Amino acid sequence: MDMSPAADVNKGVVADTTKALRAGRYNIPSVDAGVVLKIGLAHAVITRLLNGADRFEAITVAQQLCTLKLRALGLEAVEAEMIAAQSADEILRPEVSLRD
């Protein structure tokens, strides 16, 4: 599977990153750099979660890495932490609880 930023599977990530960069939300050198950062961190989170993280650890690690990603893209700390906390709760909590 092609995981390059130009791959069809990444069209949404490219569109979101382009929109955020143009709106001044991200402070990154290029769309390509932002997309590669997002894809790399997504793979890191998935790998970590598949390697036996318990419920609390899965949510905590995902939230921390999401915060780091948003900070790397240029968001302020408080906003990045708020978005990461909401995302972890909305996305991961239901998924993790189904496996327990």
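Visitor: How does E79 count, given its relative accessibility: buried, exposed or partly exposed?

Guide: In this predicted model, E79 counts as partly exposed, because its relative accessibility is 28%, and that value falls between the 20% under which a residue is buried and the 50% over which it is exposed.

Visitor: With which residue does E79 form a salt bridge, and how far apart are the closest N and O atoms?

Guide: The general idea is that side chains of opposite charge can pair when their charged atoms come close. Here the partner of E79 is R25, and the closest N and O atoms of the two are 2.6 Å apart. The pair links distant parts of the chain, since E79 belongs to helix α4 (residues 77-99) and R25 to the loop between α1 (11-22) and α2, with 54 residues from one to the other. R25 is partly exposed as well, with a relative accessible area of 40%.

Visitor: How many salt bridges does the count come to?

Guide: The count comes to 2 salt bridges. Besides the pair just described, K11 forms a salt bridge with D8, where the closest N and O atoms are 3.5 Å apart. K11 counts as exposed, because its relative accessibility is 54%, and D8 likewise counts as exposed, at 60%.

Visitor: What is the nearest side chain of opposite charge to K38, and how far away is it?

Guide: For a charged residue it helps to read burial and pairing together. K38, which lies in helix α2 (residues 31-50), is buried yet has no salt bridge, and the nearest side chain of opposite charge is that of D16, 5.7 Å away. That distance does not meet the rule, because a salt bridge requires a side-chain nitrogen within 4 Å of a carboxyl oxygen. Leaving aside residues up to four places away in sequence, K38 touches V13, D16, T17, Y26, K69 and L73.

Visitor: How many helices and strands are there in the chain, and what percentage of its contacts between residues at least 6 apart join residues at least 24 apart?

Guide: The chain has 4 helices and 0 strands, so that, read from the N terminus on, its elements run α-α-α-α. Of the contacts between residues at least 6 apart in sequence, 49% join residues at least 24 apart, and 30% of the 100 residues count as buried.

Visitor: What do Q63 and T67 touch, once residues up to four places away in sequence are not counted?

Guide: Both have their place in helix α3. Under that condition Q63 touches E81, A84, A85 and A88, while T67 touches A80, E81 and A84. The C-alpha atoms of Q63 and A84 are separated by 5.2 Å, although the two residues are 21 apart along the chain. Q63 counts as partly exposed, at 28% relative accessibility, whereas T67 is buried, with a relative accessible area of 14%.

Visitor: What volume does the largest pocket have, and which residues lie nearest its centre?

Guide: The general idea is that rolling a probe the size of a water molecule over the atoms shows where empty space is left. In this structure the largest pocket has a volume of about 570 Å³. Its lining is made up of 21 residues, of which A42, V45, C66, K69 and I91 lie nearest the centre. Each of α1, α2, α3 (55-73) and α4 supplies at least two residues of that lining, and the largest share, 7 residues, comes from α2.

Notes
Residues numbered from 1 in each chain as written. Predicted model: local features only at pLDDT ≥ 70, side-chain atom pairs only at ≥ 80, totals over all residues. Heavy atoms only, no water. Buried < 20%, exposed > 50% of the residue type's maximum accessible area, 1.4 Å probe, protein only. Lys, Arg positive; Asp, Glu negative; His and termini not counted. Contact = heavy atoms within 4.5 Å. 1 Å grid on protein atoms, 1.4 Å probe; cavity = no way out; pocket = protein on both sides within 12 Å on 5 of 7 lines; lining within 4 Å. Points joined across faces, edges and corners; volume = space filled by probe spheres on them.
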